[in-house]
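Visitor: I'm new to this one. Could you take me in for a close look at a single part, the surroundings of the ligand, and then follow the thread from there?

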Amino acid sequence: TNRTFTMIKPDAVADGHSGAIIQQIESAGYKIVAIKKVLLTKEQAGQFYAIHKERPFFESLCNYMTSNVIIPMVLEKGNAVQDFRTFIGSTNPELAEAGTIRKQFAKSMEANAIHGSDSDENAEIEGKFFFSEKELEQRL
Ligand code: GTP
Ligand code: MG
């Protein structure tokens, strides 16, 4: 068993899809280790997406990510990181596979409903960005 980090992004929260998305996550076998609702500052959004700082969409991405609250979560399941990326689908919703979260709820390449960590290392870094050691201690 291992962990991944996810967040339901502002568009999906604003559209009232949080419940449906969480239900599908749990039905797919992920346990919720930690969960909260947060409104990021511009600075925090920039820090979280620092790796994309030089990309042309960085400014727009930071504005989008602070446009409404997000719901960050740490999830636990065997092969969590890789399975969760498959579960949410391609970054570009037009390419997302049928049944994936992004196919169902993403509106565009940017407003794509959900995030999923791309490695075990990043899952840990991203989880710690939002949650304390104590919050991550949860026994399931
Ligand atoms: P995350 O799970 O959110 O990290 O998505 P990803 O790993 O599928 O994509 P990536 O890390 O490459 O990009 C991070 C986020 O930036 C994406 O989820 C989008 O919200 C946004 N993004 C990526 N590419 C583009 C783009 O070409 N244009 C715009 N406007 N936004 C983009
Ligand atoms: Mg990414």
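Guide: Let's start with how residues are classed: Ala, Val, Leu, Ile, Met, Phe, Trp, Tyr, Cys and Pro count as nonpolar, Asp, Glu, Lys and Arg as charged, and the others, Gly among them, as polar. This is a predicted model, where local features need pLDDT of at least 70, side-chain atom pairs count only at pLDDT 80 or more, and totals for chains, interfaces and linings use all residues. Residues are numbered from 1 along each chain as its sequence is written, while chains are lettered from A and ligands numbered from 1 in the order in which they are written.

By those classes, the shell around ligand 1 holds 3 nonpolar, 6 polar and 2 charged residues. Among those surrounding ligand 1 are His 52, Phe 57, Glu 110, Gly 116 and Asp 118 (near means a C-beta atom, placed from the backbone, within 6 Å). Two elements, helix H4 (58-65) and strand S4 (114-116), give two or more residues each to that shell; helices (H or I, at least four residues) and strands (E, at least two) are DSSP runs, numbered from the N terminus.

Now follow Gly 116 in S4: it stands opposite Thr 6. S1 and S4 run antiparallel, joined by 3 bridges (strands pair if DSSP finds at least two bridges between them). S1 also runs antiparallel to S3, with 7 bridges, and Ile 8 has Ile 71 in S3 as its bridge partner. As for cover, 6 of the 7 residues of S1 are buried, that is, 20 or more other C-beta atoms, placed from the backbone, lie within 10 Å of their own (exposed is 12 or fewer, partly exposed in between).
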